[in-house]
Amino acid sequence: SQQIGNFTFGGNVVGCVSTEFGICSPVNFVSASYAFNNSSIEYRVGNFKRTGLISAGLDPQYANHMVILGEGASASNAMQLSYNISKTKIFVGHQGGASFFRFDDGYWFTGVETNIANCLSLTGGVDMCKNAPLTGYAAVKFSKNNNVLNLSANKLGTDNQNIVLTYNRNNIAVVGKSNMCLTVSAWAQETMQGVHTVCGFDLGNHATLYAEAGAKFTSGDIAPYVGVGSSFVF
C-alpha cells in the first residue's frame with residue numbers, strides 16, 4: 001500500500017495451485033481510502049472477503065474449500081464502500097455481476113464488523129438477491145495470546161447453508177528457531193460434514209510447509225484424506 005497525505009492506495013493478490021482447485025486466485029482487489037477525524041472511508045474493487053473473521057492457520061487448499069462454504073463472506077466482481085470508525089466497520093456493496101461497474105445483474109449486500117475488548121470480534125451481513133429471500137452470514141472470533149477460535153454461519157437461508165468451527169494454536173516452538181501452528185476444523189452442511197487437521201511449519205524466508213489430514217462424511221460414507229503442501233508470501 002502507498003500513503004499520500006490522508007489517502008491510502010493499495011490492494012492484495014492471493015494465488016493458489018492445488019490438486020483440487022488447480023490454479024486460482026480467490027483474492028485480488030485494489031482499494032483506496034481516506035482518513036479523517038479518527039475515521040476512514042474505503043472503496044475497494046475486485047474479488048475479496050468482506051470480513052476479516054476467517055479461520056487462521058489453514059493450508060491453502062483447505063482455505064479455498066472455506067471460500068466455497070462462504071467463510072469470510074467472499075465477494076466476486078464486487079465493489080464495496082465501507083465506513084470505519086473506532087473498532088467498527090459498516091459497509092455496503094454490489095457483487096456477482098458480469099462486471100463490478102454494472103448493476104443490472106448480481107445483487108447488493110450490506111454488513112457490519114466490530115471488535116469488542118480486543119479479543120472478541122463479531123460480524124454479520126445480508127445479501128439482497130433479486131426475486132429471492134434475504135440471505136446472509138454471521139461470525140464470531142475469539143483471540144487470546146496464541147489461540148484463535150472462529151465460528152461462522154454461512155449462506156444462511158440457502159440450501160448450502162453451513163456452520164464452520166475452527167481452533168488454531170500458533171507459535172508453538174519446535175526444533176531450533178522454527179515455529180509450528182496446529183489447526184483443527186469441523187464443518188457441517190445439510191447432506192455433508194467434514195473434519196480437518198493441519199500442522200504448519202514455518203520454514204523462514206516467508207515459506208510454510210503444511211501436513212493435513214481429514215475426512216468427509218456423506219450419508220454414512222467416510223472419505224478420509226491426507227496431504228502435504230506449502231505456501232509462500234511475497
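User: Before we start, how are the exposure classes defined?

Analyst: Buried means under 20% relative accessible area, exposed means over 50%, and partly exposed lies in between (1.4 Å probe, protein chains only). This is a predicted model, where local features need pLDDT of at least 70 and side-chain atom pairs count only at pLDDT 80 or more, while totals for chains, interfaces and linings use all residues. Residues are numbered from 1 along each chain as its sequence is written, and side-chain values use heavy atoms, leaving out hydrogens and water.

User: Why is Cys 119 called partly exposed?

Analyst: Its relative accessibility is 22%, so Cys 119 falls between the 20% and 50% limits.

User: And what makes Cys 181 buried?

Analyst: Cys 181 has a relative accessible area of 14%, which is under 20% and therefore buried.

User: Why is Cys 181 not bonded to Cys 199?

Analyst: A disulfide is a pair of cysteine sulfur atoms within 2.5 Å. The closest cysteine sulfur to that of Cys 181 is in Cys 199, 7.7 Å away, so the two are too far apart for a bond. The structure holds 0 disulfides.

User: How do you know that Asn 168 is buried?

Analyst: Happily, that one is clear: its relative accessible area is 2%, so Asn 168 meets the under 20% limit.

User: What does Asn 168 touch?

Analyst: Contact means heavy atoms within 4.5 Å. Not counting residues up to four places away in sequence, the partners of Asn 168 include Asn 146, Cys 181 and Thr 183.
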